[in-house]
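Here are a few exercises to work through with the model open in your viewer. Try each one before reading its solution.

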Amino acid sequence: MSSIPLAAPLHADSASPAVEMDPVEYTLRKRLPRKLPKRRNDVYVNMKTDFRAQLARCQKLLEGGGHREICVHGLGLAINRAINIALQLQASSQGALQLAANTSTVELVDDLEPEDPDEAGEPMTRTRNNSAIHIKVFYPDPQ
């Protein structure tokens, strides 16, 4: 838990006007993002798991898992890692794999909880946008 400076106004709910709050009085708790449906061939890349382990999981799905395609998803800081994994997979296949990338913006929700529940106001939420990438890694159909 960390206190952060808040430059943007906070909203108790979407109908209320913007209220400036003292950032020292609140603790930021980031909620997990809403995920896409989890399929067997979806891989959600993060920055906490070892890169080689994530790459090995993707290779296992493509080679031993019986999948002709996988979808690698990255959010925020993990976008570079998702791209790197997809490019490593393509390079290790000697060009047999193809890539198709889509980008999107994901809305995230943060909870702001008062440090001292007696003195500070009620808990608040704020929304923010974050970039995401979805890379389809696949074997093209033979013509």
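## Warm-up: the surface

The protein chain exposes about 9500 Å², and carbon and sulfur atoms supply 51% of it (Shrake-Rupley areas, 1.4 Å probe). This is a predicted model, where local features need pLDDT of at least 70, side-chain atom pairs count only at pLDDT 80 or more, and totals for chains, interfaces and linings use all residues. Numbering starts from 1 along each chain as its sequence is written, and side-chain values use heavy atoms, with hydrogens and water left out.

## Exercise 1: the fold

Work out the order of helices and strands in the protein chain.

*Solution.* Start with DSSP runs: helices are H or I with at least four residues, strands are E with at least two, and numbering goes from the N terminus. That gives two helices and five strands. Read from the N terminus on, they go β-β-α-β-α-β-β.

## Exercise 2: the core

Find which helix or strand gives the most to the largest nonpolar core.

*Solution.* First, the rule: a nonpolar core is a set of buried Ala, Val, Leu, Ile, Met, Phe, Trp, Tyr and Cys residues joined through side-chain atoms within 4.5 Å. Buried means under 20% relative accessible area, exposed over 50%, and partly exposed in between (1.4 Å probe, protein chains only). Next, the largest core has 18 residues, with Val45, Cys58 and Ile70 among those with the most contacts inside it. At least two residues each come from β2 (42-45), α1 (51-63), β3 (69-75), α2 (79-92) and β5 (124-138). The winner is α2, with five residues.

Now look at β3: five of its seven residues are buried, so the rest of the structure largely encloses it. This strand runs parallel to β2, joined by four bridges (DSSP pairing needs at least two). Across that pairing, Val43 stands opposite Val72 in β3.

## Exercise 3: salt bridges

Which strands does the Glu69–Lys136 pair tie together?

*Solution.* Apply the cut-off: a side-chain nitrogen of Lys or Arg within 4 Å of a carboxyl oxygen of Asp or Glu. Glu69 and Lys136 qualify at 3.7 Å, N to O. Glu69 lies in β3 and Lys136 in β5, so the pair links parts 67 residues apart in sequence. Glu69 is partly exposed at 35% relative accessibility, and Lys136 is partly exposed at 33%.

For a follow-up, take Asp42 and Arg39, whose side chains meet at 2.8 Å, N to O. Asp42 is buried, with a relative accessible area of 1%, whereas Arg39 is partly exposed at 45%.
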